[in-house]
Amino acid sequence: IISKDFKRIGNHIFIIGKTVGHLYQSQFFREVFNFFDGPPPEINLFNEKNNGLIIQKLIHLKLLESVHDISLGGILTSLSEMCISGNIGAKIKMPQKTLNIHNYLFGEDQSRYIIELDEKNKNKVVKILNDNSIYYEILGVTQKETLEINSDESVKVSELSRINSSWFKNYYGEL
C-alpha cells in the first residue's frame, strides 16, 4: 500500500492511462452545468487490469513515492487531493496536443492514476511502462506552496486546504 500524499518537492508527476475527456455523468457537468444526462465513461477491462497491475508492480518494486486513482472530479481534483494531503504543490503542463482544458482536467475517464516518482527512479519506471505497453503522460513536478497549471493559473495549497475543509459547511450551512 502507498499513500496519495505528495512526498517531496522536485519529484516527477505522471499520469498512467489515457485521458479522452469524458464529461457525461461527471462531477464537473453536475456541479457547473446542473447536467445529469449522458452515458457513463467507457470501461476497457484490459486497460483497467493492465494499468492496475503495473501500478501494483511499481509499488512492489518501491519505485513510487505516491499514487492516487483519477476518479470523481478528474485530474485536477486528484491532484488537489495529493497536494492537500502532502502540503506540497505541483507545477503541471498540459500536453501540447490535448483536449480543451475542461475535458482534460475534469474528465472522468476510467483506468487512470497519478503517480509521483523520484528522479532516480524515472528511467526505470519509464522502461517498465514502455515494456508493458502502458500509456502514460509526464504531467509535471512537485513544488512548494502552489498548484500551478500551464504557468497561467495557480492557487496556494493552503487555500485549497481551507476550501476543502470548509466546503461542507458552506454548502449545507450550519447544522
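1. Going along the sequence, the chain in this predicted model runs β-α-α-β-α-β-α-β-α-β-β-β-α. That comes to six helices and seven strands, so to speak the full parts list.

2. On overall dimensions, the C-alpha trace spans about 50 × 35 × 35 Å along its principal axes. The radius of gyration is 16 Å, and a compact globule of 175 residues would come out near 16 Å, so the chain agrees with that expectation.

3. How much of the chain is buried? Of its 175 residues, 42% count as buried. The accessible surface amounts to about 10200 Å², and carbon and sulfur atoms make up 53% of it.

4. A word on contacts: take those in the chain with a separation of 6 or more, and 82% of them link residues 24 or more positions apart.

5. Charges next. The chain carries 20 positive and 21 negative charges, and the mean positions of the two sets lie 7 Å apart.

6. Now the inside. Nonpolar side chains tend to be buried together in soluble globular proteins. Here the largest nonpolar core has 21 residues, and the members touching the most others are Phe 6, Ile 75, Leu 79, Leu 105, Ile 114 and Leu 139. Which elements each supply at least two residues of this core? They are strands E1 (12-16), E3 (89-92) and E6 (146-149), together with helices H3 (74-86), H4 (101-106) and H6 (157-172). H3 gives the most, with five residues.

7. There is also a second core, separate from that one, with 16 residues; Ile 54, Leu 64, Val 67 and Ile 134 are among them.

8. Leu 105 is worth clicking on if you have the model open. Setting aside neighbours within four places in sequence, Leu 105 is in contact with Gly 73, Gly 74, Ile 75, Leu 76, Ile 92, Met 94 and Ile 149. One of these partners, Ile 75, is listed beside Leu 105 among the core residues that touch the most other members.

9. Last, Thr 146, which sits in strand E6. Is Thr 146 buried or exposed? Its relative accessibility is 17%, and the cut-off for buried is under 20%, so Thr 146 counts as buried. Not counting residues up to four places away in sequence, Thr 146 touches Gly 89 and Ala 90, and also Val 155, Lys 156 and Val 157.

Key. Residues numbered from 1 in each chain as written. Predicted model: local features only at pLDDT ≥ 70, side-chain atom pairs only at ≥ 80, totals over all residues. Heavy atoms only, no water. Helix = DSSP H or I, 4+ residues; strand = E, 2+ residues; numbered from the N terminus. Rg over C-alpha atoms; globule rule 2.2 N^0.38 Å. Buried < 20%, exposed > 50% of the residue type's maximum accessible area, 1.4 Å probe, protein only. Contact = heavy atoms within 4.5 Å. Areas by Shrake-Rupley, 256 points an atom, 1.4 Å probe, with all protein chains shown as cover. Lys, Arg positive; Asp, Glu negative; His and termini not counted. Charge placed at Lys NZ, Arg CZ, Asp CG, Glu CD. Core = buried A, V, L, I, M, F, W, Y, C linked by side-chain atoms within 4.5 Å.
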